[in-house]
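Hi everyone, thanks for coming. I'd like to walk you through one model today, starting with the cysteines and then moving on to the pockets. Have a look at it first.

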Amino acid sequence: MAGKKALIVYAHQEPKSMNGSYKAVAVEELSKQGCSVTVSDLYEMQFEPRSTRKDIIGELYNPEQLNYGVEAFEAYKNGCLSEDLKEEHRKVIEAELVIFQFPLYWYSMPAILKGWMDRVLVQGFAFNIPKGSGSGLLKNKKALLSFTTGGNQAMYTKEGISGDISYVLWPMQFGILQFCGFDVLAPQICFAPEYAPLEERRQMLTSWEKRLKTIWEEKPIPCILE
Ligand SMILES: Cc1cc2nc3c(=O)[nH]c(=O)nc-3n(C[C@H](O)[C@H](O)[C@H](O)COP(=O)(O)OP(=O)(O)OC[C@H]3O[C@@H](n4cnc5c(N)ncnc54)[C@H](O)[C@@H]3O)c2cc1C
């Protein structure tokens, strides 16, 4: 799949972590295929997760009362968003595959990654207000959540104490990615690496590497709540 472009939005503080290894495997395997791989290493970049007035350069559309969503939409249309957001937009536009790599925090993504979603996926760029169906603007792009958990797989079943993993996936896959028009690929979930023996951890990384070899052929999954 030479020539394909992938973006990895990576949210972990420690390169030696399991998330760091997942990211490294993806960079290595996709590069080996001849893909061009860009990484947004959010902690390393000290990515600003807060949606504030500073995201809009110059005059506000309504200086009387800040409505962040409206202001971000207007600023996007007028090319007045802050430089860090324009840079992330360029990366997303180029990418045909976006992998989000993160540890599960409070049944969701870490704040720094949520902040990326809040600030980067602005109206006009990622979606428009729904008129009927199909509000997403990031069409013909695949997106995949790759994350690690503290709880094990049995915990994340309907009978398990954490509830089915599909409840965790729903807001992220349906509420964000599919809403923005992405073709959502099956998630890559690394359950409880902290409690897995070394050989099992290696095996998890090997199966990720193996999956990546045919990732471009994968079809999107339906983002439904089971
Ligand atoms: C604020 C917060 C909220 C959380 N909320 C939740 C929650 O809601 N639900 C939940 O389930 N969990 C939760 N957790 C737990 C969290 O999801 C896990 O701690 C995290 O996913 C583990 O991933 P890691 O990359 O940090 O693991 P690490 O601890 O970095 O990695 C696990 C082990 O793998 C080793 N390793 C790294 N690379 C390799 C390699 N190449 N080969 C072999 N071994 C390797 C590491 O050295 C380490 O020993 C939460 C944690 C925090 C801090």
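Okay, one bit of vocabulary before we start: a residue is called buried when its relative accessible area is under 20%, and exposed when that value is over 50%. And keep in mind that what you're looking at is a predicted model.

So, is C35 buried or exposed? Its relative accessible area is 7%, and because the cut-off for buried is under 20%, C35 counts as buried. C223 is buried too, with a relative accessible area of 7%.

Now, you see cysteines and you probably think of disulfides. A disulfide is a covalent bond between the sulfur atoms of two cysteines. How many disulfides does a search of the whole structure find? Zero. Take C223, which is in no disulfide: the nearest cysteine sulfur belongs to C180, and that one is 12 Å away. To count as a disulfide, the two sulfurs would have to be within 2.5 Å.

On to the pockets. The largest pocket has a volume of about 270 Å³. It has 16 lining residues, and the closest to its centre are L104, T148, T149, G150 and E194. What's the lining made of, by class? Eight nonpolar residues, seven polar and one charged.

Then there's the second largest pocket, at about 210 Å³. Here 14 residues do the lining, with S166, L169, Q173, I224 and E226 nearest the centre. By class, this second lining has ten nonpolar, two polar and two charged residues.

That's my tour, thanks for listening!

How values were computed:
Residues numbered from 1 in each chain as written. Predicted model: local features only at pLDDT ≥ 70, side-chain atom pairs only at ≥ 80, totals over all residues. Heavy atoms only, no water. Buried < 20%, exposed > 50% of the residue type's maximum accessible area, 1.4 Å probe, protein only. 1 Å grid on protein atoms, 1.4 Å probe; cavity = no way out; pocket = protein on both sides within 12 Å on 5 of 7 lines; lining within 4 Å. Points joined across faces, edges and corners; volume = space filled by probe spheres on them. Nonpolar A, V, L, I, M, F, W, Y, C, P; charged D, E, K, R; others polar.
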